[in-house]
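Trainee: I'd like to learn how to read a model like this one, feature by feature. Could we go through it together?

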Amino acid sequence: MSENQEKLENNRDVPEGLGVDLPEVLPLLPTRDMVVFPYMIVPLIVGREKSIKALDEALKGDRIIFLASQRKSEVEDPAPDQISEIGTISVIVRMLKTPDGKAKILVQGLQRGRIGEFITQEPFFSARIAPVDEKSSVQVPLKLEALVRTVREGLGKMVQFGKPIPPDVMAVAEHVDDSGRLADLAGSSLGLDRDEAQKALELEDPGERLVYIHDILNRELKILEMQQEIHDQTQEEMTKTQREYFLRQQLKTIQQELGEKDDKEEEIEEFRNKIREAQMPSEVQKEVEKQLTRLSKMHPDSAESAIIRTYLEWMVELPWKKSTRDKLDLNRALEVLDEDHYDLEKVKERILEYLGVLKLKKGLKGPILCFVGPPGVGKTSLGRSIARAMGRKFIRMSLGGVRDEAEIRGHRRTYVGALPGRIIQGMKQAGSRNPVFMLDEIDKLGADFRGDPSSALLEVLDPEQNHAFRDHYLAVPYDLSSAMFIATANMTDPIPSALLDRIEVIRLSGYTTEEKAHIARRYLVARQMERNGIDAGFLSISDGALERLILEYTREAGVRNLEREIGNLCRKTAKTVAMGQKSLTRITSRNLPRFLGPPKHSGMTEPAKPQVGVIMGLAWTPVGGEILFIETSAVKGKGSLTMTGSLGEVMKESARAALSYIRSRSKEMGLAHEMIANRDIHVHVPAGAIPKDGPSAGIAITTALVSALTGVAPRAGLAMTGEVTLTGRVLPIGGLKEKLLAAKRAQVKRVVVPERNMLDVEDIPSYVTKNLEIIPVSDIEQVLKEAFPRGALQKKRRSSGAKRPGAKRGTGK
């Protein structure tokens, strides 16, 4: 090696002891991230020009140099205030200069020192150094001895945990009795960061320094113990996995020798057989076989293999070609439908039409129906009867409160715990590709940030698209066209128009009293007696009791509350039988309150006699038709109009339009202008806590206002519905069948309806209009003619002295 490449400078032994006189001023070498302790031999690499000059100055003399750490290691040229005050007086043992201008040195700490003042800063640091003598320890000798032994044991444990402490350092530590020197030795071996090492160097009391090093040693031991535990666990898992692998390979070899197959091969072969038996479409089978190939190459215990295994199980268990055979005997199907449901002729006719077409043309797509009607009219049970009549499986899926699109389309397999949507789950549950699939409460669907389920149903309920329905979990098309979808709803308003356009709506109105009595006698009583364990010999309910039960205890469109009350009667009978009574319990119209308490509804809802300003109107609600009374009063005042009863804006507008019409025709009605202008009019609809709205109360409000202003009471037993205009025309309304049923339940005999609604009357079954006089009207004049007794308004007009239109003043002509 040439002299230019490296140069060995003055290799002399370290002066023995500290008895030599140390110079008062020493060259200073700032160290980065390094604290040198007394008696420690440490290698350093010096690269800064100022530091190299400090080395050269030290080598000119007795090799003594002062080493002090700088507070911020990133500073290239530290200022005096950026250098620690306490450092180590050291001796340079060796120095080797390298070709790149740096120097490698080996230094040994001699004694702690404190910077008194800086003498020079250029071309190198030199400072006046005062040696720091160690103070006497304040620790109790026994405690200090215990600390010394504990630190020695701790250093030994660190070596056992793999800490790279040189053997010669451990040998020195075993024979060092001085606590301060042992603390310095341990501190230099623990790999402390600069701040911790500097703090240890600045502690002058050896006992305190040893306590400080002891605390750091305990912390490091805990960290090493945790590292060892983690390493042992990892090694144990690796050893276990390797052992299982070798055992599995040996088992595989043994099975091959015996001609047997292992569990994985059997599983793969079983999947292959199921795939062939499932008769999947070619596109689907290609994807399934691809996933099966991936499974065969995976470790059976891996997480992804479990995901693929679950996916394959879903695919082979879905009914791709399996279907039930339809019962195409139309007469038998009609018998089944009649057994389960009374009336509902329109629905039964539609099912028979489908079966008739299916009998003539194979492969017909299933219809998508939607039963709309109030609660308790049999929408859900009708779907079950349709499935029984056709010989198909029945699946019911409730959509009430569903807000997540994944409930319909499923989750993608990338998510943990992913599953197909409820449509595919229902098809798997049915086990056939042509079930009757009921989507209950489709009008109760919600929507939020997770998607819109009603939009996902568009593909399900579209006959042109559902032959290739794609669930997110399956990721392949599935044919839903053979399934018969039946949705149910209480109203069509909440259903999105795009979804409503894809379904065939069949409306189920409420039942009349006669129909309810027939349904109760034929179905409900027998079912509740069976559920409550009552034989026919213990309970008898008369027809009069059923009729009173319907009219006075369960005023509703359907029969749900009626069945509940019949169940109440059966439970009371079951209690008496269980207490020992064996005689027949007869329930009649007379003793019914003894079992159910006082009636909940009045049998006659209209006033006992006609009242001025009161008229019966008809309203439609989601749970069926209802009657409501329009009450008006006219008192002296300033001509204001007050409306109460939780009326909506549309209903308030109808009242204003009615009053404006009356004012414009006041002379024809025999009303003086002053009579209307000087009257405060109040319109009220009872049951004020229930919101009411809609235009169909227009003619009822008009009639009530005329009655209040003229003082003429309307005819008894009359109800009306229809929208009124400012010119007196009567416009058509909706929900006529439900309103007529409400009138029939209230025992009304005559109903005034818009003339343009007479086409709807033709579609209403005869049992609804039986014993009900329906009066068509086209303007308010006809309404008033039917509402008031003959000649009552004319008599009032003559008694009020109102002039006939066109008569001249004073002539009477």
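Mentor: Gladly! Helices and strands here are DSSP runs, at least four residues for a helix and at least two for a strand, numbered from the N terminus. Keep in mind that this is a predicted model.

Trainee: Let me try that on one residue. Where is the place of Ser589?

Mentor: Ser589 lies in the loop between β16 and α20 (592-596). Its relative accessible area is 29%, so Ser589 is partly exposed, the class between 20% and 50%.

Trainee: Which residues does Ser589 touch, not counting those up to four places away in sequence?

Mentor: Ser589 touches Ser542, Gly544, Ala545 and Arg548. Take Ser542: its C-alpha is 7.4 Å from that of Ser589, although 47 residues separate the two in sequence.

Trainee: What about strand β16 itself?

Mentor: Look at Thr585, which is found in β16 (residues 585-587). With a relative accessible area of 9%, Thr585 is buried. Beyond four places in sequence, the residues touching Thr585 are Phe538, Leu539, Ser540, Thr573, Thr576 and Phe595.

Trainee: Now a proline. Is Pro367 buried or exposed?

Mentor: The cut-off for buried is under 20%; Pro367 has 9% relative accessibility, so it counts as buried. Pro367 sits in the loop between α11 and β8 (368-372). Leaving aside neighbours within four places, Pro367 is in contact with Arg350, Tyr354, Met484 and Phe485. By way of contrast, Glu773 is 406 residues from Pro367 in sequence and 38 Å from it in space, C-alpha to C-alpha.

Trainee: Can we do the same for a whole helix? How many of the residues of α4 are buried?

Mentor: Helix α4 (residues 179-189) is mostly covered, with 9 of its 11 residues buried. Among them are Leu182, Ala183, Leu185 and Ala186, along with Asp184. After α4 comes Gly191, with a positive phi near 70 degrees.

Trainee: Which residues other than glycine have a positive phi?

Mentor: Two to look at are Glu441, with phi near 60 degrees, and Gln747, with phi of about 60 degrees. Glu441 is in the loop between β10 (436-440) and α15 (453-460), and Gln747 is in the loop between α24 and β24 (750-754). Glu441 counts as partly exposed because its relative accessibility is 26%. Gln747, at 34%, is partly exposed too.

Trainee: While we are on backbone angles, where is there a cis peptide bond?

Mentor: Check omega between Glu122 and Pro123: the value is about 0 degrees, and the bond joining them is cis. Pro123 belongs to the loop between β6 (103-120) and β7 (125-131).

Trainee: Let's turn to rings. How many aromatic pairs are there?

Mentor: The count is 4 aromatic pairs. One to work through is Trp320 with Tyr478: their ring centres are 5.0 Å apart and their planes are at 65 degrees, so the pair is edge-to-face. The cut-off for that label is over 60 degrees. This pair links distant parts of the chain, 158 residues apart, with Trp320 in the loop between α9 (303-317) and α10 (330-340) and Tyr478 in strand β12 (residues 477-478). Both Trp320 and Tyr478 are buried.

Trainee: And which charged ends sit over a ring?

Mentor: Here are two cases. The charged end of Lys428 is over the ring of Trp314, 3.9 Å from its centre. Likewise, the charged end of Lys50 is over the ring of Phe125, 4.5 Å from its centre.

Trainee: Last topic, pockets. How much space lies in the largest pocket?

Mentor: About 840 Å³. The largest pocket has 35 lining residues, and Lys346, Arg507, Ser509, Lys737 and Glu738 lie nearest its centre. The elements that contribute two or more residues to this lining are α11 (345-360), β14 (504-507), β17 (614-621), α24 (736-745) and α25 (758-763).

Trainee: How do the residues of that lining divide by type?

Mentor: There are 15 nonpolar, 10 polar and 10 charged residues in the lining. You can now go back to the viewer and find each of these for yourself.

Key: Residues are numbered from 1 along each chain as its sequence is written. This is a predicted model: local features need pLDDT of at least 70, side-chain atom pairs count only at pLDDT 80 or more; totals for chains, interfaces and linings use all residues. Side-chain values use heavy atoms; hydrogens and water are left out. On a 1 Å grid over the protein atoms alone, a cavity is a set of points where a 1.4 Å probe fits but cannot get out, and a pocket is an open set with protein on both sides within 12 Å along at least five of seven lines; lining residues have an atom within 4 Å of a point. Grid points are joined across faces, edges and corners, and a volume is the space filled by probe spheres set on the points. Ala, Val, Leu, Ile, Met, Phe, Trp, Tyr, Cys and Pro count as nonpolar, Asp, Glu, Lys and Arg as charged, and the others, Gly among them, as polar. Rings of Phe, Tyr and Trp (its six-membered ring) pair if their centres lie within 6.5 Å; planes under 30 degrees apart count as stacked, over 60 as edge-to-face and the rest as tilted. Buried means under 20% relative accessible area, exposed over 50%, partly exposed in between (1.4 Å probe, protein chains only). A charge sits over a ring if NZ of Lys or CZ of Arg is within 6 Å of the ring centre and within 35 degrees of the ring normal. Contact means heavy atoms within 4.5 Å.
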